[in-house]
Each structure stands twice: as structure tokens, then as C-alpha cells.
Number of protein chains: 2
Amino acid sequence: MATRTRHPERRQEPLSRERIVDAAVELLDTVGESGLTFRALAERLATGPGAIYWHIAGRAELLAAATDAVVAPALDAADAADATPQEAIRTLAGDLFDAIDDHPWAGPQLGRAPAPPPLLRILEGIGRQVQALQVPEAAQFTAACTLLNYILGVAGQNAANTGTVQPGTDRAEFLDAVATTWARLDPDQYPFTRTVAGQLRTHDDREEFLAGIDLILAGITAGR
Amino acid sequence: MATRTRHPERRQEPLSRERIVDAAVELLDTVGESGLTFRALAERLATGPGAIYWHIAGRAELLAAATDAVVAPALDAADAADATPQEAIRTLAGDLFDAIDDHPWAGPQLGRAPAPPPLLRILEGIGRQVQALQVPEAAQFTAACTLLNYILGVAGQNAANTGTVQPGTDRAEFLDAVATTWARLDPDQYPFTRTVAGQLRTHDDREEFLAGIDLILAGITAGR
DNA sequence: GGGCCAGCTGGAACGGCGTTCCAGCGAACC
DNA sequence: GGTTCGCTGGAACGCCGTTCCAGCTGGCCC
């Protein structure tokens, strides 16, 4: 690994898994998941597709590695020792939300792969706090999974929305367009959706997401 | 549409959007999302790829239509008038779970497309019951979205799991394998996950899912 | 009844993708 | 100094979604 050469630099930085994953994240952030192409990646790295395969098994592994790279910081954030379990879960979820918000393509990837490290680490992080909440052991798994699945749902949905939106339009326009669509729905078929359409315009995704977390936490602690 | 010929039958059933979508669902159920190919579909329909495009705009629309076809029955199930809102939500969620369980490829599709009918219909169905729960108006949107996102999370996760599993292995083997993996994790890094690993072996996905619904419902009604 | 026309068909072709293959290069080791 | 081996990168393969278009066919008008 740590090969040393007497020459001050190689004619260019050698390929490495890390450099490839970094480039992949940049590409994904710029042009979305469908834009991550071995050819485009090779061009960005000034090499050919074949060289990349020496370091990474295929597209699936590349996506998993990129997701891991982007989500890991949120999971590494040390849990402040003086926080309540509720606060710790809110912080973890909020950090995760920010990471997915910055890199929407990572949302749907969170749950993929046979034993994806990110998924397990999220479950573990949540589970510990659930234990700290004094939830009876038989209910801990359900409580942690409910929170996890809610987070995964929001993560995936975030990705679907940002995929829809035109790169040009900003967030307010987008919300306004959706709200208008909802308000025009058939009153007989969609009474509820029409009622809440107005709330869309002023809502904040992150706060809404955390309000959902609080709702589930309330349910977890409801029976004492 | 209803063209009549004097001949007892046309040499073959004419193509139609419905016939195409039906064939697509069969293909998806058999070989998964990556197996849905315009060529394979054309072969199954004894035609060429070009003919399909006369009825359907592209792969995305085909997937959306297939998802709709598979999920619609669960949403059409008339809500029994004498059920409590909680029961109604449990029934809706359970029906949805069964549909996704039978057609895992549909899970990740639920949230796609600009204004996907299935998503809105689920939100509407949940929202009405949330209103019936006497949730204050300002909190209705959050409550309904939390339930919706949880459902979407489970749906997506279900798809990821069934995608991983070998077609040969059955469910018990799969759970056992995951439980074993979890039990072997580093005790320092994954104390919680290790503790709950054993529960995996005896757990029932559907019951677990509904327990999560109940948890959220408890949170919604916790503050009265 | 004969010609026209529009709806519909299906096969060929295009560009691009993930992936594989392999000839070759340069540094490190005997 | 020769050999070896980790690594490179360009060419090629097979498959994909999609487009194009020549042609069929069945209903309509003259």
C-alpha cells in the first residue's frame, strides 16, 4: 500500500479506491444517479473503464461505497454524553437527514446490499437510545425498526422529489406547484389532501421530518 | 376501441395498454425489475419493441402503470363503515403490505413519478382516518405523512431484502442467516443489534410492520 | 366497389451502458 | 539486468431503452 518512490511525485496521482469513490460522489452530486457512468468516471479520472475495475467490483459496489462515504460522517458524530435519548435520536436523525438532503441519490441506496454497513450502524445507533429509554426488551426491536423504516421512507421520498424537480426551479416554486396541484384535486376523491395542500407552501422538510420522529418517540414512550 | 370483425377471432388478441401492463406485471413477478425488458416483453406478447411504444411512452410509465395495477386493489378495498379509525388504518396498511409482499418490485416505485396516483391515494386514505381520530388540524399533515413515510420505508426495505435472497432459499433460512450474521458482529460496536438478533428468527414481517403502525398511532393519539 | 387514409404493427438500427479482455508499462525484486 | 507482477487504459462484447419507418389492415368516402 504505502509504496514510496524517490521521485517527488508520480506523473499523476495513482488510482485508488478512495479517489474513485470521491470522484463518484462528485459525479452523483452533479448529475444524479443515472449520470454515474464508468465512462464518465473514467474520463474524470483521466483513465479507462478497465482500470476502475481493478479497484472496485462493479457499479453496485461503487454506489454502496459512495453512499457509505457520504453517510458515515453523520453516523460518526459522537453522541453527546449529556443528551437525553430523545435528543440523541433527534440529532442522529437530523444529521442523517442533512446528509441525504445534500446527496439525495444516497437515500434509496441506504437499504440496499446484503449487509450494508450504514443500515446496521443506523439501527445500532437508534437501538442504543431505545434501550436508554427503558423500553422493555421485547419491544425494543419494533421501536428501533419503526424509527429506522420511517427514516428510510423519508430518505427515499426526498430522492424521488429532487429527481422530479427541474434544476432551474427553486424550492418555493416547487412547493407552490405541488400545493396548487393538490388544491385542484377532485373534492370528492381527495378531501383530506385538499385540506392540507395549503400547509405545503409554508412547511419545512427538515422540521416535518423531525416532527415525525417525535411522533414515533411519543408512541414508544406512551405506555410508560 | 371496440372494433368488430366478422371473423370469429383476430389471428391474435390485439395489443392494448392493459395487455401490455398485465404482461409486464407477470414479467416483474417472475424475474424482478431488472428483468422487465422491452425485448422480453415484446417476445412474450409476440410482437416487436416498437409496437409497445405506440401504447406506452417508455419504461418509466410502464413501471408506474404496473405498480398502479398491483396496488390499486388494496386501495379500492371499501373501508368498513363500522371500523374505528385505527382499525381502518391497520387494514389499509395491511392490504398495502400484502400487495408489496406479493410484488416487491412495486415498493420502490410507490414514491416515484411527478404526481403518482398511488401515493396520493394512500395519503388520502390515511389522512381521512387521521381526521376521524380528532387530530387537531395543524397536526394532521404531520401525522399522515409520518404513517405514509413509514409505510414507504417498509415497502422499499422489503424489496431490498427479497432482492438479496437467493430464489432457492426459503424465508426461515434467510432469517436464520441474517440472525447469525448479526450475532457475530463486534460486541463493542454493535451491542444492541446483537441483543435483538435472536428475535429475528421468530419474527413475522407483517406483524412487525403492523406493530410499527400501532406505535405511530399511539404517538398520534398520545397527547389526546 | 375501389381507392384512400389513419391506426397500428414489428423488425431494424442507433447510441450508450456495464462489463470483460488483454497488450503493455513501469517499478520492485532476485 | 532480466523477470515478475501490480496496475493501467483502450478496444470489444452483448444488452439495454428508444427511434424510425416500411408495410399491413380494416373502416370510410367517393
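Q: Which helices each supply at least two residues of the surface near DNA strand C?
A: In this predicted model, that surface draws on helix H2 (38-44) and helix H3 (49-55) of chain A, together with helix H3 (49-55) of chain B. H3(B) gives the most, with five residues.

Q: How many residues surround DNA strand C, and which are the closest?
A: The strand is surrounded by 21 residues, and the closest are A:Arg39, A:Arg59, B:Thr47, B:Ala51 and B:His55. Of the atoms of DNA strand C that come within 4 Å of the protein, 54% belong to sugar and phosphate. By class, the surface near the strand has nine nonpolar, eight polar and four charged residues.

Q: Where on DNA strand C do A:Arg39 and B:Thr47 place their polar side-chain atoms?
A: An N or O atom in the side chain of A:Arg39 is 2.6 Å from a base oxygen, whereas a polar side-chain atom of B:Thr47 lies 2.2 Å from a phosphate oxygen. B:Gly50 uses a polar backbone atom, which is 3.4 Å from a base oxygen.

Q: What area do domain 1 of chain A and domain 2 of chain A bury between them?
A: The size of an interface is often given as the accessible area lost when the parts come together. Here domain 1 (1-56) and domain 2 (79-222) of chain A bury about 360 Å² between them, 58% of it on carbon and sulfur atoms. On the side of domain 1, A:Leu28, A:Asp29 and A:Glu33 supply 85% of the area buried against domain 2, more than any other three residues.

Q: How many salt bridges and polar contacts join these two domains?
A: The rule finds zero salt bridges across the interface, while three residue pairs are in polar contact.

Key. Residues numbered from 1 in each chain as written. Chains lettered and ligands numbered in written order. Predicted model: local features only at pLDDT ≥ 70, side-chain atom pairs only at ≥ 80, totals over all residues. Heavy atoms only, no water. Domains from an automatic or database assignment. Buried area = accessible area lost by both parts, 1.4 Å probe. Salt bridge = Lys/Arg side-chain N within 4 Å of Asp/Glu carboxyl O. Polar contact = N/O pair within 3.5 Å; in protein donor to acceptor, adjacent residues only side chain to side chain. Near = heavy atom within 4 Å. Helix = DSSP H or I, 4+ residues; strand = E, 2+ residues; numbered from the N terminus. Nonpolar A, V, L, I, M, F, W, Y, C, P; charged D, E, K, R; others polar.
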